[in-house]
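Dear colleague,

I am passing on a structure for you to look through, and below it I have written down what was found. Please keep it open while you read.

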Amino acid sequence: MITLVAVLLALPIVKLALKHFDEFVPKGVELSLIALAPFIFLLIIVVSLLAGLYPAFALSSYSPAVAFKNQSVGGRNSGSMFLRKSLIVFQFTFAQILIIATLIVGWQVNYLLTRNLGFKKDAIVYFNTPWYAKQEKTLVLRNELEKLAGVAKISLSGGPPASNGWNSSTVTYKGKEEIKANAFQKFGDVNYTDMYGIEIIAGRNILPSDTAKEFLINETLMKHLGFTNPQEVIGEEIEFSKSHIPIVGVVKDFHIQSLHKEIEPVIMANAMESFTCLNIQLAADDGEKVKATLASIEEVWKKIYPDDKIKIEFLDETINNFYKSEQRTTKLVRTATGLAIFISCLGLFGLASYTSTQRAKEIGIRK
């Protein structure tokens, strides 16, 4: 009866659990009582037999003569007490291990999500214009968006500082010896570094240009080229796409991918003719104002690209998606820990009830 009641209680909980853990469950999988009926029936029988097995053997092992004489078999009570204590210790040790694991995983995920990446990510959205559209339309769109009250800053680029996709090229520096490096491209206009808060530690920002005519490089690439002082690399030239392009500035290292990966060499240039990504820093992070600004952006988009759909993405959400597996792990560990603590509390309650029942006569005499 207890097993049957437990199964009847478990079924609605399973239904809720499937919704709670929907990202883990393959599409099309759902709770079907008809399909599960044979399994549930077998489960009730097996669990009932296993649950009743130990009490049955324990009761049948007592000698009737000893029971009538109200005597205990030597060592039996001490053995069962040792078993109970061992199981309780194991149960609470396991629960504490899960609690510690939950704290560690939670701290790690929090570190990944709050770590300073070397650029601003809050209240920033970005979207791409159609790849086949003319550059003139992109510039018109930018100019129209700049007029919106909810837009604080705007920048044209090849993409945000960190995203799922990337573009890299081999650059060559010919100093005392030839040095080659695979550099990731983070091209943007003159507003790019200012809007994202990317710090220029030496030299100056790039100037307006239709094609890449000068470079900003990060500290990692500077060190790869054999320089330790940022000022020394200013004015040096690196070969890129069969052109010799001067380095006009050095920026502080920033993460272009998840924190699982090391910071890579980066080159930054202004190449307006190839920019299709609009990066927008919102004037406010208030929910209602953000919705109003996004609606205004969509209205401007429809005027210029009536046949194309806009896909606006928040930069902080894009970065958070780097750590989906960690966030899923946290969800599972927290759930397992909650269940372990709950079951441990049930065990403790059962042990307290059993002990109080065993000592009922003693408590009565003491009273």
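Before we turn to single residues, it helps to know that a residue is called buried when its relative accessible area is under 20%, exposed when that area is over 50%, and partly exposed in between. Please also bear in mind that this is a predicted model.

With that cut-off in hand, consider Ser241, which sits in the loop between strand 7 (237-240) and strand 8 (243-251). Is Ser241 buried or exposed? Its relative accessibility is 59%, and because exposed means over 50%, Ser241 counts as exposed. The backbone of Ser241 also deserves a look, since its phi is near 50°, a positive value in a residue other than glycine.

Lys242 is found in the loop between strand 7 and strand 8, and Lys242, although not a glycine, has a positive phi of about 65°. With a relative accessible area of 82%, Lys242 is exposed.

Now to the interior. The largest nonpolar core has 43 residues, and those with the most contacts inside it are Leu145, Ile217 and Ile267. Helix 9, which covers residues 287-304, gives the most to this core, with six residues. Apart from this core lies another one, of 25 residues, among them Phe119, Ile206, Ile256 and Met268.

If you would like one residue to start from, you could select Leu145: leaving aside its neighbours within four places in sequence, Leu145 is in contact with Phe127, Val151, Ile154, Leu278, Ile280, Ile297 and Val300.

With best wishes

Terms used
Residues are numbered from 1 along each chain as its sequence is written. This is a predicted model: local features need pLDDT of at least 70, side-chain atom pairs count only at pLDDT 80 or more; totals for chains, interfaces and linings use all residues. Side-chain values use heavy atoms; hydrogens and water are left out. A nonpolar core is a set of buried Ala, Val, Leu, Ile, Met, Phe, Trp, Tyr and Cys residues joined through side-chain atoms within 4.5 Å. Buried means under 20% relative accessible area, exposed over 50%, partly exposed in between (1.4 Å probe, protein chains only). Helices (H or I, at least four residues) and strands (E, at least two) are DSSP runs, numbered from the N terminus. Contact means heavy atoms within 4.5 Å.
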